[in-house]
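Reader: Hi! Could you walk me through how a few descriptive terms get applied to a structure?

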Amino acid sequence: MFEIITRAVSAEAAIYAVQAGADAVYFSTEDCAPRTGKPSLTADELPLVLRYCRVRGCRVYAELDVLASDLELPAAAAQAEKLCRMGVQGLIVHDLGLACVLRRTLPDIPLIAGLRLDLHSTAGALAAAEMGFSYILLAPELSLDEIARIAGRVPVPVLVLGQGPSCIAHRGQCLLSALSGSGRDSCGRCARPCREKLSMGMLSPEYPLAQKDLCLAGRIPQLKQAGVSGVLLDGIDPLYPELAGRLTQLYALTGHSGRHVLPDEIAQLQRQLYPGGLTHGWIDGEAGADSFGLPQPLEREGRAALSQVRRALANEELRRVPVEFAAVGRQTELELAVRDADGHQAVVRVHAGVDPIGAGVSRAAVEDRLQRTAGTPYHCSGVQTARLEHITVLEEQLDEGRRSLLAALTEQRSVPPAVRVRPMPSPPPVRGQAEPPVMTVQVRSAEQLTPELAALCPALVYVPLEELSEHFGAVGPFLDAGVRVAAVLPRAMTDGEMPEVARLLRKLRSLGVDEVLAGNLGHIAPARIAGFRIHGDFGLNLASWPAVQLMREAQLETVTASLELSLTAVAAMAKPVGLELIVYGRVPVMLTDHCLIKMASGGRCVCQKGHTLRDRKGGVYPVLREFGCRNEILARDKLFLGDRRADWEHIGLWGARLYFTTESPRECVEVTRAFCGQTAYVPNNISRGLYDKGAGI
């Protein structure tokens, strides 16, 4: 069955979604935190919501909005265990380390691979399934054909985001909110700075990163045909919980009944509830310029439409749980019983009179009274009767018996099932390299690969796959100096782009390159099959020892710490594999499938030249081309820890990486010399990144 999963930002929203026909509701752990001026799913309401949904056969999932370090992992796992004991039936997880722990501690609870794992290829989805995820939530930047290809090859159900705020960034690859100090996407607290006024030049809009809300209600038949098992409905404003019911009604109309949602119905939804417009996103291929726009507040017509939803659903009871009744005559008693499909059952006995010469109570009369389940979550799927001859009973007694049966059944259904819990795995000893970390260098262009840089002898130099393939001669001085060379794989590459990536890898393999830097879960298996040694990049968001242990089991040589960890958390992390830390560079704050440079250039593809994005405070963010005509937005300030070697040099790291992007060849050399202790050079506009604060729960 096609599953409609609606976000419940409050108890009201959960009720509206359930009564509108949602198969499951999900809440974020962030939704349980009080929000000033807005309703939320409070700690007191959560047990009531779980009971309400459990009785009505609606599943409840919890989204764990956390990127947990070793220091935070026990608390995150304890929170998940508590929720499951309360009755949560599935967990949406965005953190590889936490997923590894939960698969061990809660073996019977289904795990859903969240959006921030950025799964956009068959290899990535297969890797997630192998890890133990029961459902795969695919990245939104996929076309219908790409979704169908993945759904047809993975052994677990795939889900897509059907409705909700569009994000221009690949989920899990955005640090813009975190670095601005206004919240963290990795912890469900993104402040959406992408919806602020920004400038990319005269031809760009005022809000070049803001996108309209996604709506795939009209594409459900195609998604079902493509093998998709369900959709998530997000973007429920806590101020308008009725929106959960309105969206659920629309998607259930086509997802359950099979009737197509008409274009006029989508137009009405947009006019009433999304005055800023709606977009289909990438489902048809490349998303066009019409997907950009700033969401607008609801107007009078929209509020009136939601009032109608409230009136229609608030006092309704959708009879969604099938039950079967039985009535058996036993001398002076009529035994009534009820059972549901989950094995719950209840029995009551009604005093009955005896009419030795009469025909007794009729079967039709018993069936008529037992089938009257209006106002309850139940509908009668059948009534079995036996030995009603010579038994007489009043209709009022049958009604009272039915009510007692259903009340007893409700109590049974309200009890959360027992949860099997295993001990949390113990981390290995906190240890790493005894000696200071080696220095590694990552460049963006062949021009930065100078003989002067090679003479400084970094242990490893990372070069983008396309750049290394096209300008392989530029690494000659590094190879002559004994420096190892690794190709940087694109953080985003779909199944359709894999043949080109494979071709470039074969070319480099023939030239003697046998190492790659992988920034996505979907990179690992293809690179290993191609015979490459693999290093894990920051895009994997590795924040705890179980995630690092997972990479060790995947045979990675080294891994890179998440850019959202504090140095304290990095020091405390157990390190089953050599851990690398980026200690210099303009770190990427966003990866987008949209070519913003093309949009700012009036539709001309000039992304090879790069561009800049400016905020209202005058901050400048470089915008560079990425593989597949994607764009990468870099931080406005340069991360620099060259003057704080004591903070990171002896915390067990294998390597310290210098991440060069927009620097000139001369500046690359000067920075490297500074980290080698040869100069006291400090660049302008430096930052400490998040290493002083970290992500937190």
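**Two helices and two loop residues**

Author: Happily! This is a predicted model, and in it helix H2 passes helix H13 in a right-handed crossing.

Reader: What makes H2 oblique to H13?

Author: The axes of H2 (residues 45-55) and H13 (residues 395-414) cross at roughly 120 degrees and come within 8 Å. Roughly perpendicular covers 65 to 115 degrees and roughly antiparallel starts over 145, and the rest counts as oblique. The crossing at roughly 120 degrees therefore makes H2 oblique to H13.

Reader: Which residues meet where H2 and H13 touch?

Author: On the H2 side there are Arg51, Arg54 and Val55, and they meet Thr410, Glu411, Arg413 and Ser414 of H13. By kind, the contact has four charged residues, two polar and one nonpolar.

Reader: Why is Arg387 called partly exposed?

Author: Its relative accessible area is 47%. Buried would need under 20% and exposed over 50%, so a value in between counts as partly exposed. Arg387 sits in the loop between strand S15 (378-386) and strand S16 (391-392).

Reader: What is the phi of Arg387?

Author: Arg387 has a positive phi of about 55 degrees, although it is not a glycine. Most residues other than glycine have a negative phi.

Reader: And how do you know that Cys457 counts as partly exposed?

Author: The same reasoning works: Cys457 has 45% relative accessibility, and partly exposed lies between the 20% and 50% cut-offs. Cys457 is in the loop between helix H14 (451-455) and strand S18 (460-464). Cys457 also has a positive phi of about 55 degrees, and it is not a glycine.

Terms used: Residues are numbered from 1 along each chain as its sequence is written. This is a predicted model: local features need pLDDT of at least 70, side-chain atom pairs count only at pLDDT 80 or more; totals for chains, interfaces and linings use all residues. Side-chain values use heavy atoms; hydrogens and water are left out. Helices (H or I, at least four residues) and strands (E, at least two) are DSSP runs, numbered from the N terminus. Buried means under 20% relative accessible area, exposed over 50%, partly exposed in between (1.4 Å probe, protein chains only). Axes are lines fitted to C-alpha atoms, for helices over the stretch in contact, and angles run from 0 to 180 degrees between N-to-C directions. Angles under 35 degrees count as roughly parallel, over 145 as roughly antiparallel, 65 to 115 as roughly perpendicular and the rest as oblique. A crossing is left-handed if the near helix is turned anticlockwise from the far one by less than a right angle, and right-handed if clockwise. Contact means heavy atoms within 4.5 Å. Ala, Val, Leu, Ile, Met, Phe, Trp, Tyr, Cys and Pro count as nonpolar, Asp, Glu, Lys and Arg as charged, and the others, Gly among them, as polar.
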